[in-house]
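Here's a walk through this one, starting from the sheet and working outwards. Have the viewer open as you read.

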Amino acid sequence: MLKSKRSITSSSILTLFLAMLMQFSVSANEYKTVLIHGFQPDQLINAANIDVVNDGQQYWQSYWDNVADARIDWPSNERIEGKIAQDWVWPKLKSFSQSNFCQPGCVFVTHSTGDLVARYIIDNQANWLENAGLKPLNIVATYDIAGAGGGSELADVAVSALTGAASWSSLVDAALKWWLGSEITQAVGVLHDLKVNNARKLAPLPSSRIPRLRFIADDDDFFNATALFLPGHDDGVVASHSSCGANKADGFGSCSRTVATNGQLKSQNDAVSGFMPFHYPIMMSDNYTHNNIREASHQGKVTAVTTQFNVANRTIHVATHEKTSGYWFWKKHYRYVNDSNKLSASELIYNILL
């Protein structure tokens, strides 16, 4: 009997330990991660054969689709306030509410135009769901990677050129070929939403106080062909005014007044002077481009605009170190995110994910 009691006691202890371990695991990864992808030019080229769900999965397959809990996919040949919201966003939000998916809290991870789609969701989801007799989603924060919420001057150029409102030149041709592909012959869908004035008028002041955490690239894949049309620093597709979350479109060089996008600790006279409500830049890098910042590959070092930030009753810590190079008048000081010499930007972002 004594042996049996010991066996039962040991079994009970083991069961209790496993239960505690499972509870810790749930608590350690409490929030759900929802991906919202960006503009996909290929969907304008072959609109008749779009596979929205598969395209959405392919968009994130390099890294984020393997670590996220859900996606909100949408077609680029439609408008945000039209079929994107009605046919793609609303059904997903309704499903999330009915299944209590976001009850513990949801964090939206967006890329590019996904930033704009998320802002439209934040401004409308509570009203939509309440009108349908459903509970609004508990959206804790968004992590906006290379955000296009401020629009892109490239969209202005593309719409003007493709609609005949502006003359077509060799510079415009080169920029559009790099960004969109040479097959696009008409301005349709979300291209219109991405025009700077249109983007900045779309749900500009959501009543919900959800923090928008920004992650900024400052390199490009297009040999500066698109930079001619983008003010200030850019990532090849959007200028810093958009990716930083600035409250106006202008030629900015950094999201911070004290650190450059390459990590140099130095006064930045051309830094963003004001931000859209609840927009907070966290990391920047001049080694990543608009597209590869969301990928799994490592491209170079990353700097931090801030090393500590409070959100959703938690404190986000960005571990950094400083480095000095040169001597005397040529001495320069830099701040880098720890392990950014070996981890990709996506991995660094994921490591501080709520």
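## The sheet and its helices

In this predicted model, seven strands make up an open sheet with mixed pairing, and their order is 2-1-3-4-5-6-7. The edges belong to strand 2 (70-72) and strand 7 (303-304); each has a single partner strand, so one side of each has no neighbour in the sheet. Further in, strand 4 (residues 139-145) and strand 5 (residues 212-217) run parallel and are joined by four bridges. One pair to look for is Tyr 143, whose bridge partner in strand 5 is Leu 213.

Two helices are worth bringing up next. Helix 4 (residues 80-98) packs on the sheet, where it touches strand 1 and strand 2, and its direction makes about 150° with that of strand 2. Helix 5 (residues 114-131) packs on the sheet too, touching strand 1, strand 2, strand 3 (106-111), strand 4 and strand 5. The direction of helix 5 makes about 145° with that of strand 3.

## Salt bridges

The count of salt bridges comes to 11. Here are three of them.

| Pair | Closest N to O distance |
|---|---|
| Arg 79 and Asp 193 | 3.0 Å |
| Asp 115 and Arg 212 | 2.8 Å |
| Asp 144 and Arg 212 | 3.1 Å |

Take Arg 79 and Asp 193, which form a salt bridge. Arg 79 sits in the loop between strand 2 and helix 4, while Asp 193 is in helix 8 (residues 190-193), so this pair ties together parts 114 residues apart in sequence. Arg 79 is partly exposed at 36% relative accessible area, whereas Asp 193 is buried at 5%.

Now for Arg 212. The side chains of Asp 115 and Arg 212 meet in a salt bridge. Asp 115 belongs to helix 5 and Arg 212 to strand 5, so the pair ties together parts that are 97 residues apart in sequence. Both residues, Asp 115 and Arg 212, are buried. Arg 212 also forms a salt bridge with Asp 144. That pair links strand 4, where Asp 144 is, with Arg 212 in strand 5, 68 residues apart. Asp 144 has a relative accessible area of 0% and is buried; Arg 212 counts as buried at 3%. Add Arg 214 and you have a network of salt bridges linking Asp 115, Asp 144, Arg 212 and Arg 214.

## Two buried residues and their contacts

His 37 lies in the loop between strand 1 (32-36) and helix 2 (42-45). Is His 37 buried or exposed? It is buried, with a relative accessible area of 0%. Leaving aside residues up to four places away in sequence, His 37 touches Gly 56, Tyr 59, Trp 60, Ile 72, Asp 73, Trp 74, His 111, Thr 113 and Gly 114.

Gln 43 is in helix 2, and it is buried as well, at 3% relative accessible area. Beyond four places in sequence, its contacts include Trp 74, Pro 75, Ser 76 and Asn 77. Trp 74 is thus touched by Gln 43 and by His 37.

## The hairpin and what follows

Strand 10 (320-325) and strand 11 (332-337) run antiparallel and are joined by six bridges. They form a hairpin with six residues between them, and Gly 326 in the turn has a positive phi of about 80°. Thr 320 stands opposite Val 337 in strand 11.

What do Tyr 327, Trp 328, Phe 329 and Trp 330 form on the surface? They make a nonpolar patch, with about 750 Å² of accessible area together. Trp 328 is in the loop between strand 10 and strand 11, and it is exposed, with a relative accessible area of 75%.

After strand 11 comes a loop leading to helix 11, and Asp 339 is found in it. Asp 339 has a positive phi of about 70° despite not being a glycine. Most residues other than glycine have a negative phi. Asp 339 is partly exposed, at 35% relative accessible area.

Helix 11 (residues 345-351) holds Leu 348, which is buried with a relative accessible area of 4%. Leu 348 touches Asp 339 and Val 337, with Met 283 and Val 302 also among its contacts. The C-alpha atoms of Leu 348 and Val 337 are 8.2 Å apart, with 11 residues separating the two along the chain.

How values were computed: Residues are numbered from 1 along each chain as its sequence is written. Side-chain values use heavy atoms; hydrogens and water are left out. Patches are made of residues with over 30% relative accessible area and no salt bridge: like charges are joined within 9 Å, nonpolar side chains (Val, Leu, Ile, Met, Phe, Trp, Tyr) within 5 Å. Accessible areas come from the Shrake-Rupley method with a 1.4 Å probe; for residues, only the protein chains shown count as cover. A salt bridge is a side-chain nitrogen of Lys or Arg within 4 Å of a carboxyl oxygen of Asp or Glu. Buried means under 20% relative accessible area, exposed over 50%, partly exposed in between (1.4 Å probe, protein chains only). Contact means heavy atoms within 4.5 Å. Two strands pair if DSSP finds at least two bridges between them. Axes are lines fitted to C-alpha atoms, for helices over the stretch in contact, and angles run from 0 to 180 degrees between N-to-C directions.
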